[in-house]
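The following turns ask how certain labels were assigned and answer from the cut-offs.

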Amino acid sequence: MLAELLHIERVRVGLESSSKDAALLTVASLLTMPEDAANVESVYEVLVERERLASTGVGSGVAIPHGRSEDFDELRAAVAVYPSGVDFEAVDGLPVQIIVGIIG
């Protein structure tokens with residue numbers, strides 16, 4: 001199912017980030033591609049609001065930030081890979097290397 005939600009332009013590898021917020025902004029940007037389906041800032045705010053509830057860092061180097069937006073009429077996903085890791089306040093306390101963003 002994930003493959004059906006992904007578009008080649010919403011996948012990035014070899015990224016570097018100085019913060020969780022910067023990584024979330026990158027994922028928000030990817031989620032709007034390829035057609036700029038929504039305002040990046042509004043998607044970012046959806047993801048940040050979800051993170052305020054609890055970290056989506058599920059452990060083992062993976063985070064799954066997600067949310068809902070009226071700007072989308074379908075589910076879509078983005079994948080961002082950070083080889084050096086991002087402090088995502090994950091449940092296991094380890095840095096996150098793979099971020100799978102989902103919005104619908």
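**Labels and their criteria**

Thr-56 lies in the loop between H3 and E2; helices (H or I, at least four residues) and strands (E, at least two) are DSSP runs, numbered from the N terminus. This is a predicted model, in which local features need pLDDT of at least 70 and side-chain atom pairs count only at pLDDT 80 or more, while totals for chains, interfaces and linings use all residues. Residues are numbered from 1 along each chain as its sequence is written, and side-chain values use heavy atoms, with hydrogens and water left out.

Q: Why is Thr-56 called buried?
A: Buried means under 20% relative accessible area, exposed over 50%, and partly exposed in between (1.4 Å probe, protein chains only). Thr-56 has 3% relative accessibility, so it counts as buried.

Q: What makes the pair of side chains of Thr-56 and Glu-51 a polar contact?
A: A polar contact is a pair of N or O atoms within 3.5 Å; within protein, one must be able to donate a hydrogen and the other to accept it, and residues adjacent in sequence count only if both atoms are side-chain atoms. The side chains of Thr-56 and Glu-51 come to 2.3 Å, so the distance meets the cut-off.

Q: Which residues does Thr-56 touch, not counting residues up to four places away in sequence?
A: Contact means heavy atoms within 4.5 Å. On that basis Thr-56 touches Arg-50, Glu-51, Val-62, Ala-63, Ile-64, Pro-65, His-66 and Phe-88.

Q: Why do Glu-51 and Lys-20 count as a salt bridge?
A: A salt bridge is a side-chain nitrogen of Lys or Arg within 4 Å of a carboxyl oxygen of Asp or Glu. The closest N and O atoms of Glu-51 and Lys-20 are 2.8 Å apart, so the pair qualifies. The pair links distant parts of the chain, with Glu-51 in helix H3 (residues 40-53) and Lys-20 in helix H2 (residues 20-31), 31 residues apart.

Q: How do you know whether Glu-51 and Lys-20 are buried or exposed?
A: Glu-51 has a relative accessible area of 10% and Lys-20 has 11% relative accessibility, so both count as buried.

Q: What makes Lys-20, Glu-51 and Glu-89 a network?
A: The three residues are linked by salt bridges. Besides its pairing with Glu-51, Lys-20 forms a salt bridge with Glu-89, the closest N and O atoms being 3.4 Å apart. Glu-89 is in the loop between strand E5 (76-86) and strand E6 (96-103), and it is 69 residues from Lys-20.

Q: Why is Glu-89 called exposed?
A: Its relative accessible area is 57%, so Glu-89 falls in the exposed class. Glu-89 also has a positive phi of about 55° although it is not a glycine.

Q: How do you know that the charged end of Lys-20 sits over the ring of Phe-88?
A: A charge sits over a ring if NZ of Lys or CZ of Arg is within 6 Å of the ring centre and within 35 degrees of the ring normal. The charged end of Lys-20 is 5.0 Å from the centre of the Phe-88 ring, so the distance condition is met.

Q: Why does Arg-76 count as being in a salt bridge with Glu-35?
A: The closest N and O atoms of Arg-76 and Glu-35 are 2.7 Å apart, so the salt-bridge condition is satisfied. Arg-76 lies in strand E5 and Glu-35 in the loop between H2 and H3, so the pair ties together parts that are 41 residues apart in sequence. Arg-76 counts as buried at 4% relative accessibility, whereas Glu-35 is partly exposed at 45%.

Q: Why does Arg-10 have no salt bridge?
A: Lys and Arg count as positive and Asp and Glu as negative; His and the chain ends are not counted. The nearest side chain of opposite charge to buried Arg-10 is Glu-35, at 4.7 Å, so the pair fails the salt-bridge cut-off. The side chain of Arg-10 does reach the backbone oxygen of Ala-77, at 3.0 Å.

Q: What makes the peptide bond between Met-33 and Pro-34 stand out?
A: This bond is cis, with omega about 5°. Pro-34 is placed in the loop between H2 and H3.
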